[in-house]
Amino acid sequence: MTTQTSQRLDRARQLIEEELPHLISIRHDLHAHPELQYQETRTSGVVQRELESAGVEFVPGLAGGTGVLGHIPGETGSAMGLRADMDALPILEETGLGYASSIDGRMHACGHDGHTTILIGAARVLSRLSAESPLPQPVTMVFQPAEEGGAGGKRMCEEGALDGSRIGPAVGSMFGLHGHTESTVGSVGSRVGPLLAAADEVIIDIRGVGGHAAMPHSCTDPVPCAASIIQALQGIVSRNTNPLDSSVISITQLTAGDAFNVIPDTVRISGTVRSLQESTREMLERRIGEVATGIASAHGCTAVVDFIRGYPVTRNEAGAVATFERAAGEVLGDDWVRPIEHPVMGGEDFSFYGERVPACFFFLGLLPPGEQAMPSVHNARFDFNDEAIKTGVEVFCSLALGLGTSE
Ligand code: NI
């Protein structure tokens, strides 16, 4: 690191300390006012207010109305993209916190209040730094709606978040983070290649011929057929997936019948399908169809399979991961950058950015030191750890200051 860069990093740390109390109060305010996907109007308003007061240029109204793109010019080149998601979940909060959700049945149970706060913090600090001397490269802050199943990231991309048509030059690389309850606060980590899985949905409609439950021989019972299909689907994971690759098929919903003495005409099976490679995803889609229709036919039933593609694999590009690891190491110390050994089978719509530009998604530790565990994300007792805000802002700022570029 040059003396000048090191002075800049010190100045960034100082500004982050100054902003922290304000950021923590923003986080608590967002936590108390959670909004579901595509309804993040108030949250988007907070983002715009904070960008405006820090003198950051922005474009509101994307992706259904709540998406915001902030931009800070820099010396040369394409923009570095930093992303946060803003939506909450339909969960009844049970934390008992003073700043707990003020709306029953809605909760920031995935920490997107923390993610949004961190990106606001980075924007505010970077804006102050750029007023002192220009940033090495332009920075675009992507505040997206609807990560929780609504593919808000995809809409942001389709509406020009990355191609330079909205604000600033095109985005050349993209970074995003997610709170991680299994790693210690103060640490961050990522990995090259798949970090999170493709998350698809499958619905299988089985049709037989219903009738009196005491006379099965005069019916074509779709219920044992459904049972056979459910059993056989697990064979796709154990027999058709390479043992060194990974996939998951979880059947989670089963709908059949209205009475104990009536064989129903139909059974609906649905669930989630996860994979880490596009080729495996295609295999799963094909094999689920073959297994379901083949077994249905053996039972004299028919099966119609609907495979609904959700988020693609969140795949990190090697160069972007190296940039992240260097930048995080400079600001946190190398001991606090802890590579994630295995991918996680959850899904993320950050994947849509990674399909378009070199990208790195990383985990931000939330676990208090000395604790063995904390409530996980999507749990009614989860809360984002305020201590992690500083770490997140530091890493985003270090990236934007070019500390990840190789010498
Ligand atoms: Ni999340």
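## The nickel site

Along the sequence, the residues that donate to the nickel ion follow the spacing C-x1-H-x65-H. In this predicted model, the protein donors are the SG atom of Cys110 and the NE2 atoms of His112 and His178, and they lie 2.1 to 2.2 Å from the nickel ion. Two of these donor residues can be followed a little further. Cys110 has a relative accessibility of 6%, so it counts as buried. His112 is buried as well, because its relative accessible area is 0%.

## His115, a neighbour of two donors

A good next stop is His115, which belongs to helix α3 (residues 112-132). Is His115 buried or exposed? With 2% relative accessibility, His115 counts as buried.

Setting aside neighbours within four places in sequence, His115 is in contact with Cys110 and His178, both of which are donors of the nickel ion. Its other contacts of this kind are Ala84, Asp85, Leu177, Gly179 and Phe384. His115 can also be compared with a residue far along the chain: Ala388 is 273 residues apart from it, yet their C-alpha atoms are separated by 9.8 Å.

## The nonpolar cores

In soluble globular proteins, nonpolar side chains tend to be buried together. Here, the largest nonpolar core has 61 residues, and the members that touch the most others are Leu126, Phe143, Val188, Val395 and Phe396. Apart from this core lies another one of 25 residues, including Leu69, Ala79, Val142 and Phe361.

Phe143 is a handy place to look inside the largest core. Not counting residues up to four places away in sequence, Phe143 touches Val47, Leu51, Gly67, Val68 and Ala84, along with Met86, Thr116, Leu119, Ile120 and Met156.

## Aromatic rings

How many aromatic pairs are there? The count comes to 5. One of them joins Phe362 and Phe396 in an edge-to-face arrangement, with 6.1 Å from centre to centre and 80° between the planes. This pair links distant parts of the chain, as Phe362 sits in strand β15 (residues 359-367) and Phe396 in helix α9 (residues 387-400), 34 residues apart. Both Phe362 and Phe396 are buried, and together with Phe324 they form one aromatic cluster.

A ring can also have a charge for company. The charged end of Arg338 sits over the ring of Trp336, at 4.7 Å from the ring centre.

## Cysteines without a partner

What does a search of the whole structure for disulfides find? The search finds 0 of them. For Cys157, which is in no disulfide, the nearest cysteine sulfur belongs to Cys360 and is 16 Å away. That does not meet the cut-off, because a disulfide needs two cysteine sulfur atoms within 2.5 Å. Cys397 is likewise in no disulfide, and its nearest cysteine sulfur, also that of Cys360, is 16 Å away.

Both of these cysteines are hidden from the surface in the accessibility count. Cys157 has 8% relative accessibility, so it counts as buried. Cys397 is at 1% and therefore counts as buried too.

## An exposed residue

To finish, look at Gln7 in helix α1 (residues 3-32). Gln7 counts as exposed because its relative accessibility is 52%. Gln7 and His342 are 335 residues apart in sequence, and their C-alpha atoms are 36 Å apart in space.

Note on methods:
Residues numbered from 1 in each chain as written. Predicted model: local features only at pLDDT ≥ 70, side-chain atom pairs only at ≥ 80, totals over all residues. Heavy atoms only, no water. Buried < 20%, exposed > 50% of the residue type's maximum accessible area, 1.4 Å probe, protein only. Core = buried A, V, L, I, M, F, W, Y, C linked by side-chain atoms within 4.5 Å. Contact = heavy atoms within 4.5 Å. Phe/Tyr/Trp six-rings, centres within 6.5 Å; stacked < 30°, edge-to-face > 60°. Helix = DSSP H or I, 4+ residues; strand = E, 2+ residues; numbered from the N terminus. Lys NZ or Arg CZ within 6 Å of the ring centre and 35° of its normal. Donors = N, O, S within 2.8 Å, 3.2 Å for Na, K, Ca; no water.
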